Amino acid sequence: MTDPIMNVPIARTSLTEAEINSVLGPLESGWLVQGPKVREFEEKWSRFTGADHSLAVTSCTTGLHLAAVALGLKPGDEVIVPAFTWIATANIVEHQQAKVVFCDIDLETFNIDPVAFEAAITERTRGVVPVHLFGLAANMDEISAIARSHGLWVIEDAACGFGAKYKGSHVGTLGDAGVFSFHPRKAITTGEGGMVTTNDADLAETVRRLRDHGAVISDLQRHHGPRPYLLADHTLAGFNQRMTDIQAALGSAQMDRADAIIQERRRLAARYDQALSDIEWLRPPASPDGFEHGYQSYACLFMPEQVAKGEIAFVNERRNNWMDFLQQNGVSTRPATHAVHMLSFYAEKYALAKDAFPRARAANDCSVSLPLFHGMTEAEQEHVIALVRQPPA
Ligand SMILES: *Cc1c(COP(=O)(O)O)cnc(C)c1O
């Protein structure tokens, strides 16, 4: 039944010839860093998401950091972060010598639990970083209402959020700022890269300066201004987090098929949903009413009934064996992401036990993402489905 030649990776980059060729433009023009292509990519991003301001940066991680700096995060402040996310969401708080305060997730959606978020607020809390994990928006009305009533800022970690909508609004437009990733595991890629979005003009201006050494005007503005030979003033001790025009050309070219990229991921996810909904050993991703899933990945919960009974160690062992079986038969899977409080740095620094956040731990130990990527063939997907439908040993 299994074709020994077929190897289905967890993800594969898909670029058209026109997209690949787009990088030659900046190389030929000689404008390599934060020039006309970055501006074009930002304009397309704003149009697509509905954000008033889009600012390209070197990664989602650096964008999250710049947004936190722009919002005034200081040493000793506390920021609430869901315990199940990519480590970068927490690291950017540490980068400011501030304190990460984890809260648990909702195991149905893998996203931040608003009740746990509210319970984690103290006098020192300054902000919260809800994550739209795997392309499903966090419960933003509840998060925003709690944040507003406690005077907290909200930075959306929209790394996986391309194409994800909440009640009709694209993610990245719902908090004080949102930040997207263009790492190759994400739906649009520039190799490394990120985009900060905000509807706050002052915040946008601060991020714009912070990413460019604190300069009041960019090189592009200076070159189009009346005296291009004079240098800009610098009002901040900023960073260098500028995106190159080579990367922006690639990102901008992909934006011309943004809808097709999202539709293709939704089509693949719908095929999985249909083919796998009746098996009891795998729970497909939730997609509640009012949420439009972007399917950055197809994150499932393994043996959900046993997980609900708390048999986490048992399910974890079975899941790992199952992942071995799939890998041996040419299907790559991954745990959906990690529980950050279980990683050595955070576990040791904050003396956190695994079960400090039991639902994040369950997600860490019992989740599994199936291959889903643009350009996945029908044969590849049917191969995955056939294997996944075999009852696990
Ligand atoms: C990918 C990812 C990041 C990091 O993005 P980079 O662009 O690689 O810095 C942060 N948070 C989440 C949830 C991610 O999935």
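Colleague: How many salt bridges are counted between domain 1 and domain 2?

Modeller: There are 3 salt bridges between domain 1 and domain 2, in what is a predicted model. In one salt bridge of this model, glutamate 94 pairs with lysine 349, and their closest N and O atoms are 2.7 Å apart.

Colleague: Where do the two domains begin and end?

Modeller: The domain assignment places domain 1 at 17–255 and domain 2 at 258–388. Taken over C-alpha atoms, their centres are 26 Å apart.

Colleague: How should one read the extent of the interface, and what area do domain 1 and domain 2 bury between them?

Modeller: As a general idea, interface size is often expressed as the accessible area lost when the parts come together. Here domain 1 and domain 2 bury about 3500 Å² between them, with 63% of that on carbon and sulfur atoms. On the side of domain 1, the residues losing the most area to domain 2 are Phe102, Leu107 and Phe134, which together account for 19% of what that side buries. In terms of contacts, 42 residues of domain 1 meet 42 residues of domain 2.

Colleague: How many residue pairs are in polar contact between domain 1 and domain 2, and which elements give two or more residues to the side of domain 1?

Modeller: The count is 22 residue pairs in polar contact between the two domains, both residues being at pLDDT 80 or more. The elements of domain 1 that give two or more residues to the side touching domain 2 are helix H5 (88–94), strand S3 (99–103), strand S6 (165–166) and helix H10 (245–255). The largest share, 4 residues, comes from S3. By class, this side of domain 1 holds 25 nonpolar, 7 polar and 10 charged residues.

Colleague: How is an aromatic pair to be described, and how many aromatic pairs are counted?

Modeller: In general, the distance of the centres and the angle of the planes describe a pair of aromatic rings. The count here is 17 aromatic pairs. Among them, phenylalanine 48 and phenylalanine 162 are stacked, at 5.3 Å centre to centre with 25 degrees between the planes. This pair links distant parts of the chain, 114 residues apart: phenylalanine 48 belongs to helix H3 (residues 36–49), and phenylalanine 162 to the loop between strand S5 (153–157) and S6.

Colleague: Which parts does the salt bridge of glutamate 42 and arginine 211 tie together?

Modeller: The salt bridge count comes to 20. In the bridge of glutamate 42 with arginine 211, the closest N and O atoms are 2.9 Å apart. Glutamate 42 lies in helix H3 and arginine 211 in the loop between helix H8 (201–210) and helix H9 (219–224), so this pair ties together parts 169 residues apart in sequence.

Notes:
Residues are numbered from 1 along each chain as its sequence is written. This is a predicted model: local features need pLDDT of at least 70, side-chain atom pairs count only at pLDDT 80 or more; totals for chains, interfaces and linings use all residues. Side-chain values use heavy atoms; hydrogens and water are left out. Domain bounds come from an automatic or database domain assignment. Contact means heavy atoms within 4.5 Å. Buried area is the accessible area (1.4 Å probe) that two parts lose on being put together, summed over both. A salt bridge is a side-chain nitrogen of Lys or Arg within 4 Å of a carboxyl oxygen of Asp or Glu. A polar contact is a pair of N or O atoms within 3.5 Å; within protein, one must be able to donate a hydrogen and the other to accept it, and residues adjacent in sequence count only if both atoms are side-chain atoms. Ala, Val, Leu, Ile, Met, Phe, Trp, Tyr, Cys and Pro count as nonpolar, Asp, Glu, Lys and Arg as charged, and the others, Gly among them, as polar. Rings of Phe, Tyr and Trp (its six-membered ring) pair if their centres lie within 6.5 Å; planes under 30 degrees apart count as stacked, over 60 as edge-to-face and the rest as tilted.
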